[in-house]
Amino acid sequence: MQEIAGKRRRFGYRRIGVLLERKGMIMNHKKLYRLYREEGLSVKRRRGRKRARGTRTPMPEAARPNARWSLDFLSDSFGASRKFRILAVIDDCCRENLCLMADTSISGSRVARELDALVRVYGKPGCIVSDNGTEFTSRAILKWADQNDVPWHYIDPGKPQQNAFIESFNGSLRDELLNEEIFDTLNDARRKLALWRYDYNAVRPHSSLGNQTPLQARRALEQFEGSAPGALAQTETHDYQNQTRRLSL
């Protein structure tokens, strides 16, 4: 049923039932509807302009590292009020900030390149969550998600609470760094973002993690599952700082 709904995204349960019958899977309409609702496959009514819809399958829980990444943009300024943007990527399970990339302009193609770099370091995520911003619904991102077989979930317009983890992270970043610092140049902003990112991941206690750091939480979960990738099996601080600098600057 999920396979059919993924290919036929505007089909309701009746048409899906017909296709299932053609495959030899016959059930009464009440059972079919119950399973259809339990799988979260209901077709939403379209309103307003056309948007990328993403996958129809329910958003998986962030029960392990790399199960779900969240993306969002923030804005600030440097110098004589020149604007720049920040791409933030976090792992929803261990709250680790995977990327803080700053530039005066960030296109969908640039986001795709950053995701490629993150996949090489951390492995491929189970799914990605974002809003319906133009960068995240661009052809470059849709092509990247399709080629990498990564489900992309778009939250409903005007409902940032559906992406609560990245919204909480954005609040911490703005409160602890962006509202506290004055950036002279773009390079100055990148340097301060990299330093803050290291502190956030390796030093700052997180109450949602039992006052562990995101790095400690990731290592504990990976040791428990016995599936720590080689790229993350690092304990020396300077290695992590070098990794942080390569991804953030």
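Colleague: In this predicted model, where is Pro160 found?
Modeller: The residue belongs to neither of the two elements that flank it. On one side lies strand 5 (152–154), and on the other lies helix 6. Pro160 is therefore placed in the loop between strand 5 and helix 6.

Colleague: Is Pro160 buried, partly exposed or exposed?
Modeller: A residue is buried under 20% relative accessible area and exposed over 50%. Pro160 has a relative accessibility of 38%. This value lies between the two cut-offs, so Pro160 counts as partly exposed.

Colleague: Which residues does Pro160 touch, not counting residues up to four places away in sequence?
Modeller: A contact requires heavy atoms within 4.5 Å. Once residues up to four places away in sequence are set aside, the residues that Pro160 touches are Ile155 and Glu167.

Colleague: How far apart in space are Pro160 and Asp131, C-alpha to C-alpha?
Modeller: In sequence, Pro160 and Asp131 are 29 residues apart. In space, their C-alpha to C-alpha distance is 7.7 Å.

Colleague: How do the axes of helix 6 and helix 7 lie relative to each other?
Modeller: Helix 6 covers residues 164–178 and helix 7 covers residues 186–202. Their axes come within 12 Å and cross at roughly 120°. Angles of 65 to 115 degrees count as roughly perpendicular, and those over 145 as roughly antiparallel. The crossing angle falls in neither range, which means that helix 6 is oblique to helix 7.

Colleague: Which residues of helix 7 meet helix 6, and what is the hand of the crossing?
Modeller: From helix 6, the residues involved are Phe169, Ser172, Leu173, Glu176 and Leu177. Their partners in helix 7 are Lys192, Leu193, Trp196 and Tyr200. As for the hand, helix 6 passes helix 7 in a crossing that is right-handed.

Colleague: Where is Ala140 found, and which residues does Ala140 touch?
Modeller: Ala140 is found in helix 5, which covers residues 139–148. With residues up to four places away in sequence left out, Ala140 touches Gly108, Ser109 and Ala112. Ala140 and Ala112 are 28 residues apart in sequence, and their C-alpha to C-alpha distance in space is 6.8 Å.

Colleague: Is Ala140 buried, partly exposed or exposed?
Modeller: The cut-off for buried is under 20% relative accessible area. Ala140 has a relative accessibility of 24%, so Ala140 counts as partly exposed.

Colleague: How is helix 4 oriented relative to helix 5?
Modeller: The axes of helix 4 (residues 108–122) and helix 5 come within 8 Å, and they cross at roughly 30°. Angles under 35 degrees count as roughly parallel. Helix 4 is therefore, with respect to helix 5, roughly parallel.

Colleague: Which residues of helix 5 meet helix 4?
Modeller: On the side of helix 4, the residues are Gly108, Ser109, Val111, Ala112, Leu115, Asp116 and Val119. On the side of helix 5, they are Ala140, Ile141, Trp144 and Asn148.

Colleague: How is helix 2 oriented relative to helix 3?
Modeller: Helix 2 (residues 13–22) and helix 3 (residues 29–38) have axes that come within 10 Å and cross at roughly 110°. The residues Tyr13, Ile16, Gly17 and Leu20 in helix 2 meet His29, Leu32, Tyr33 and Tyr36 in helix 3. The crossing is right-handed. Because angles of 65 to 115 degrees count as such, helix 2 is, relative to helix 3, roughly perpendicular.

Colleague: What is the phi of Asn211, and is Asn211 buried or exposed?
Modeller: Most residues other than glycine have a negative phi. Asn211 is not a glycine, yet its phi is positive, at about 65°. The residue is found in the loop between helix 7 and helix 8 (214–225). With a relative accessible area of 55%, Asn211 is exposed.

Colleague: Which element of the protein has the lowest mean pLDDT?
Modeller: The protein averages a pLDDT of 81, and 80% of the residues score at least 70. Strand 3 (residues 97–103) has the highest mean among the elements, 96. By contrast, pLDDT stays under 50 over residues 227–241, and where pLDDT is low, the predicted coordinates should not be read in detail. The element with the lowest mean, 46, is helix 9 (residues 237–248).

Key. Residues are numbered from 1 along each chain as its sequence is written. This is a predicted model: local features need pLDDT of at least 70, side-chain atom pairs count only at pLDDT 80 or more; totals for chains, interfaces and linings use all residues. Side-chain values use heavy atoms; hydrogens and water are left out. pLDDT is the predictor's confidence in each residue, from 0 to 100. Helices (H or I, at least four residues) and strands (E, at least two) are DSSP runs, numbered from the N terminus. Axes are lines fitted to C-alpha atoms, for helices over the stretch in contact, and angles run from 0 to 180 degrees between N-to-C directions. A crossing is left-handed if the near helix is turned anticlockwise from the far one by less than a right angle, and right-handed if clockwise. Buried means under 20% relative accessible area, exposed over 50%, partly exposed in between (1.4 Å probe, protein chains only).
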